Amino acid sequence: MKIVIASLCLFIALKSQAQIADTSGIPLGGSSASSSEHKIYNVNPWVSTAITIGGAAYGLGMLPSIQSKPKITSAEFADLNPSLIRGFDSWVLNQTVGNLKQIERNSGYLQAACALLPLSLFIDSKVSKRWYDILLMYLEVNAVSGAFYMSPLGPLFQSKNRPIVYYTNIAEADKNSGANRNSFYSGHTAAATSDMYFLAKVYCDYHPELGNDKFLIFGAATIPPLIMAYLRIRALDHFPSDILVGYGMGAICGILIPEIHRIADKNVSLGAYSSPQSTGLALTLKLE
């Protein structure tokens, strides 16, 4: 989250400079015709920046609440009933316990790699001409994905024991952390999926000539999240159902947010609303 906010400060400064260049007749990164030709997305910097800052601030502000859940007590361990974990999730409780700390580190390395890979889009000459729009969308995707993790679907409101809690061959002192109440849903999988699908979505949008080959691009983008899912299960951090929800949330953010930005500015508006029941943001789409 701190990286997102710092990147936003840099982005706003560069975007302002770019807008000055545009209005003075000196487009950033090439001729005016070329720049217009490769503009795929309609990014309103003020709206996207507000969403990104709001999402990042909310996620960062709620993070301590997730990290400070009470430890799992001996009485709770005694009341555990693994037989209640059935079907799709049950096989996770029968794994061979490996080097959990190393597996955790590996998932962290993979998460960092997935976060950096979308920056490879700027190698493409088509994409690099609108680099400031793509960068802001990338930050927006990550901020919204993080905010969703703090929604009622995520561990801020849900307290589901991780698989490690059910392993009797692991000492209570090694598994009684309050963080082991955060099984639902997998934030690592959501983050990896949103980043990789954002990469695939933007690349395919800039290369419509790919045709059906775009499915190969999305197939390749699915591999890192699947590896992440495997690592999180092997680390005894999540059940398959937690992984599936994280994957779905990440896919929604990585694909839908760029797609929304393909809608012309005149057809989409974002504003505040207030009623006796609630206050928030309203997204309005005008379909013609």
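1. Contact, as the word is used throughout this note, means heavy atoms within 4.5 Å, and helices (H or I, at least four residues) and strands (E, at least two) are DSSP runs numbered from the N terminus. The model is a predicted one, in which local features need pLDDT of at least 70 and side-chain atom pairs count only at pLDDT 80 or more, while totals for chains, interfaces and linings use all residues. Residues are numbered from 1 along each chain as its sequence is written, and side-chain values use heavy atoms, with hydrogens and water left out.

2. Helix α9 (214-234) is a convenient place to begin. The buried residues of α9 pack against α5, α8 and α10, where buried means under 20% relative accessible area, exposed over 50% and partly exposed in between, with a 1.4 Å probe and protein chains only. Those buried residues are Ala221, Thr222, Pro224, Pro225, Met228, Ala229, Leu231, Arg232, Ile233 and Arg234. The expected span of a helix is taken as 1.5 Å times one less than its number of residues; the 21 residues of α9 should therefore span 30 Å, and the 31 Å between its end C-alpha atoms agrees with that.

3. Helix α8 passes a similar check, since its 20 residues reach 29 Å from first C-alpha to last, close to the 28 Å expected at 1.5 Å a residue. This helix is mostly covered, with 18 of its 20 residues buried.

4. The nonpolar cores deserve a point of their own, a core being a set of buried Ala, Val, Leu, Ile, Met, Phe, Trp, Tyr and Cys residues joined through side-chain atoms within 4.5 Å. The largest has 30 residues, and those with the most contacts inside it are Tyr41, Leu121, Ile134, Met137, Phe198, Val202 and Tyr206. Two or more residues of this core come from each of α5 (100-116), α7 (131-149), α8 (187-206), α9 (214-234) and α10 (240-260). Apart from it lies another core, of 16 residues, which includes Ile170, Ala229, Ile233 and Ile243.

5. Phe198 shows how the largest core is put together: leaving aside neighbours within four places in sequence, Phe198 is in contact with Pro118, Leu121, Ile134, Met137, Tyr138, Val141, Gly254 and Pro258.

6. Aromatic pairs are counted when ring centres of Phe, Tyr and Trp (its six-membered ring) lie within 6.5 Å, with planes under 30 degrees apart called stacked, over 60 edge-to-face and the rest tilted; by this rule there are eight. One of them joins Tyr149 and Tyr185 edge-to-face, at 5.4 Å centre to centre and 90 degrees between the planes. Tyr149 lies in helix α7 and Tyr185 in the loop between α7 and α8, so this pair ties together parts that are 36 residues apart in sequence. Tyr149 counts as buried at 17% relative accessibility, and Tyr185 does so at 0%.

7. Phe184 and Tyr185 form a further edge-to-face pair, 6.2 Å centre to centre with 85 degrees between the planes, and Tyr149, Phe184 and Tyr185 make up one aromatic cluster. The peptide bond from Phe184 to Tyr185 merits inspection, being cis with omega near -5 degrees.

8. Most residues other than glycine have a negative phi, and most peptide bonds are trans. Leu236, just after α9, takes a positive phi of about 65 degrees; Leu236 is placed in the loop between α9 and α10 and is buried, with a relative accessible area of 1%.

9. Two other loop residues are also covered. Val43, in the loop between α2 (32-37) and α3 (45-67), is buried with a relative accessible area of 10%, and, beyond neighbours within four places in sequence, Val43 is in contact with Ser48, Asp133, Leu136, Met137 and His261. Val43 and Leu136 are 93 residues apart in sequence and 8.2 Å apart in space, C-alpha to C-alpha. Ile85, in the loop between α4 (74-79) and α5, is buried at 19% relative accessible area and touches Ser90, Leu93, Tyr166 and Phe239, not counting residues up to four places away in sequence.

10. Finally, with a disulfide defined as a pair of cysteine sulfur atoms within 2.5 Å, the count comes to zero disulfides. Cys114 counts as buried at 1% relative accessibility, and Cys204 counts as buried at 10%.
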